[in-house]
Amino acid sequence: MSNNIRKQLVTYALPYANGSLHLGHMVGFIQTDIWVRFQRLLGHNCYFVSGDDAHGTPIMLRAEALGITPEELVRQIQIEHEADLKDFLIGLDNFYTTHSTENQALASDMYQRLQKQGDIVKRTIKQAFDPVKNMFLPDRYVKGECPKCHAKDQYGDSCEQCGATYTPTDLINATSVVSGATPIEKESEHYFFCLEKHEEFLKEWTHHNNHLQPEITKKLEEWFSVGLNQWNISRDAPYFGFEIPETRGKYFYVWLDAPIGYMASFKNLCQKTNGLSFEEYWAQSSHTELYHFIGKDIVYFHALFWPAILKSSEYRTPSHVFVHGFLTVNGQKMSKSRGTFIKARTYLDHFNPELLRYYIASKLNSGIEDLDFQQDDFVARINSDLVGKLVNIASRTASFINKLFAGRLAATIADHVLWNRFTEARLVIEKHYQDREFSRAIREIMKLTDLANQYIDDHKPWLLAKSSEKINEVQMVCSFSLDLFRILMTYLQPILPTLAKAVEDFLNVPLTWENLTKPLLNHTINPFKPLLQRIDLTEVIAMSEESKEVIEPATEITLKTTVLEEDPIRETITLEDFAKIDLRVAKVIQAEPVEDAQKLIKLVLDVGGEIRHVFAGIKECYEPEQLIGKSVVLVANLAPRKMRFGVSEGMILAAGNGGKNIWVLEPDPNAPAGARVK
Ligand SMILES: [Zn+2]
């Protein structure tokens with residue numbers, strides 16, 4: 001262990017507080033969390049903070065649509081986000097919000113520091129204004145026909161068809177998304193941050209000390225060559241945010257106070273933590289390390305605005321900004337209608353969080369390319385790597401130690417060469433973690449896992465155990481295998497913290513980086529309990545079905561389409577194909593909610609002489625009590641599916657695309673339970 005304990009502050013980009021977290025958010029949080037857990041495993045002092053980005057027009061309008069205050073909306077969302085992150089085992093020290101007194105104080109103070117430096121200028125500009133709602137409209141809130149190529153339904157800043165850029169009022173038949181009114185142009189005075197004054201500093205900063213990944217530095221060169229512009233940091237009322245000091249009806253643009261939210265979250269943590277000093281981490285003279293993990297869509301804000309503002313207001317600048325790519329699902333952008341826009345909570349209703357953590361880690365590297373969640377690949381990877389190889393080492397050997405030796409491990413190492421190979425891998429695995437090359441770390445660990453299984457295959461303890469004179473050998477081989485398992489689980493601890501904890505309990509020893517070099521000998525372990533189970537593709541498909549949503553018309557202006565245009569009839573099947581599906585009338589005897597699953601109802605069905613338990617994702621539309629006594633149609637020969645809450649023995653039929661659009665099919669109540677439907 002290095003005596004050189006580092007002091008680190010790590011942040012992950014603040015999710016926007018107008019909706020649920022989805023698997024795209026989880027990629028970044030998981031990446032950051034693995035890195036943080038690795039630093040902590042090495043013994044470093046690593047703080048990890050984040051929070052919700054709570055301000056701006058979208059949140060104001062969404063709260064209005066829901067009939068609640070924006071404060072109430074962001075409070076509710078913060079609770080939801082925090083629960084999701086906790087359940088994904090994201091080891092945050094603080095999850096805060098930008099709508100906080102700390103953030104207001106910091107933002108106002110930094111603004112005044114910028115003013116003192118002469119970095120703030122005032123200018124009057126013309127903007128699109130909604131005369132009905134009496135508010136200025138962000139570009140994305142104006143739609144109309146492109147003045148150049150006449151494509152309909154384009155946003156106010158640029159045309160998605162021909163790529164032309166323009167101002168909202170250039171649109172033909174422009175309308176406000178908020179009220180439907182025709183926007184007018186109106187003048188207003190705004191406050192600008194003089195980014196261009198910091199060009200020299202930024203060129204220097206972005207090119208040195210690996211502050212950024214090489215591909216990001218290259219991207220910034222393009223922006224430098226176009227030239228840096230003054231940045232409008234103000235918005236007119238009505239706006240949900242902080243009023244700018246010494247102004248009336250002028251608010252900080254959400255993107256000004258969002259990154260300051262990192263500081264505010266840390267400041268809030270300092271207030272709760274004895275001896276933790278805000279100054280030590282943020283003063284210009286700080287010797288601590290500051291790391292921001294972000295997605296590639298917000299590089300401009302974090303690699304240009306943020307360091308410039310920090311420097312101008314005399315704070316320290318980041319040690320590194322680490323950028324990651326986006327998540328695609330089955331090779332495509334996530335889509336609500338395809339069911340690939342999977343919410344964090346929907347995933348958790350179906351699977352153990354560590355499976356996604358492992359899968360994401362197996363694909364992550366230090367680059368910014370997108371990574372793909374492939375349904376089949378996910379199932380294969382988990383079943384092969386984690387169940388088939390990793391935990392199999394313990395399940396193949398533990399019972400011999402438990403049963404034949406009362407849990408006592410052998411006193412010597414069975415194979416020194418192999419043991420050294422395992423412990424020496426520490427250096428390369430450590431480097432991969434440090435460099436955020438998690439997929440390489442996993443490849444290295446899986447190579448070792450194969451070697452451990454090969455060792456067991458070669459020595460066959462189940463055969464040795466048959467002859468009493470080889471009983472010592474059984475103990476040697478199984479003890480050694482379990483020690484290899486301990487080393488592997490230590491390496492995987494940043495990715496699989498809960499599994500690692502279960503293994504600590506089983507092996508009765510802490511999994512620490514220090515213990516890697518100490519063999520586990522003459523030691524008593526606890527009885528082995530199964531650690532992980534295989535997963536099934538049908539469960540992934542069920543998760544995807546549950547994620548299918550009809551896009552809310554209130555938030556998206558879409559041309560009216562028919563039901564069949566949105567969801568066309570599938571290819572023709574034969575009568576034989578159809579006859580394979582055994583549909584039966586079933587009576588609901590019992591219906592109850594499922595704890596921790598927001599969408600599921602557990603049904604007990606009478607199928608005319610047989611009782612079935614079925615989990616149905618219909619809770620958003622039905623109260624369990626409403627269903628008791630009803631007749632439903634059951635797909636009776638569907639293979640049982642193992643879910644987190646139990647086994648689902650079939651599926652009941654319902655119409656609709658999911659979410660709030662589900663209508664359970666009810667046969668004529670006279671039809672007896674068990675009757676075939678054809
Ligand atoms: Zn166009």
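Cys-162 is partly exposed, with a relative accessible area of 34%. In this predicted model, Cys-162 serves as one of the ligands of a zinc ion, which is coordinated through the SG atoms of Cys-146, Cys-149, Cys-159 and Cys-162 at 2.3 to 2.4 Å. The angles subtended by the 4 donor atoms run from 105 to 114 degrees, and the arrangement is therefore tetrahedral. Along the sequence, the donor residues follow the spacing C-x2-C-x9-C-x2-C. Cys-149 belongs to the loop between β6 (142-145) and β7 (154-155), while Cys-162 belongs to the loop between β7 and β8 (172-176), so this pair ties together parts that lie 13 residues apart in sequence. Cys-149 is likewise partly exposed, at a relative accessible area of 36%.

The zinc site may be placed within the wider layout of the chain. Four domains are assigned: domain 1 (7-111 + 251-361), domain 2 (120-193), domain 3 (375-517) and domain 4 (571-677). The centres of domain 2 and domain 4, taken over C-alpha atoms, are separated by 49 Å.

The loop between β7 and β8 also contributes to a charged contact. Asp-157 and Arg-140 meet through their side chains in a salt bridge with an N to O distance of 3.8 Å. Because Asp-157 lies in the loop between β7 and β8 and Arg-140 in the loop between β5 (135-136) and β6, the pair connects parts 17 residues apart in sequence. Asp-157 is partly exposed at 23% relative accessible area, and Arg-140 is partly exposed at 42%.

Across the whole structure, 35 salt bridges are found. One of them joins the side chains of Lys-197 and Asp-119 at 2.8 Å, N to O. Lys-197 sits in the loop between β9 (184-193) and α5 (199-207), and Asp-119 in the loop between α4 (101-116) and β4 (120-130), so the contact ties together parts 78 residues apart in sequence. The two partners are set in contrasting surroundings: Asp-119 is buried, at 2% relative accessibility, whereas Lys-197 is partly exposed, with a relative accessible area of 48%.

A further salt bridge links Lys-296 to Asp-370, with the closest N and O atoms 2.8 Å apart. Here Lys-296 is placed in the loop between β13 (289-295) and α9 (299-312), and Asp-370 in the loop between α11 (353-361) and β16 (371-373); the pair therefore ties together parts 74 residues apart in sequence. Lys-296 is partly exposed at 29% relative accessibility, as is Asp-370 at 38%. Finally, Asp-33, Arg-37 and Arg-357 are linked in a network of salt bridges.

How values were computed:
Residues numbered from 1 in each chain as written. Predicted model: local features only at pLDDT ≥ 70, side-chain atom pairs only at ≥ 80, totals over all residues. Heavy atoms only, no water. Domains from an automatic or database assignment. Donors = N, O, S within 2.8 Å, 3.2 Å for Na, K, Ca; no water. Tetrahedral: all angles 85-135°; square planar, octahedral: opposite > 155°, others 65-115°. Helix = DSSP H or I, 4+ residues; strand = E, 2+ residues; numbered from the N terminus. Buried < 20%, exposed > 50% of the residue type's maximum accessible area, 1.4 Å probe, protein only. Salt bridge = Lys/Arg side-chain N within 4 Å of Asp/Glu carboxyl O.
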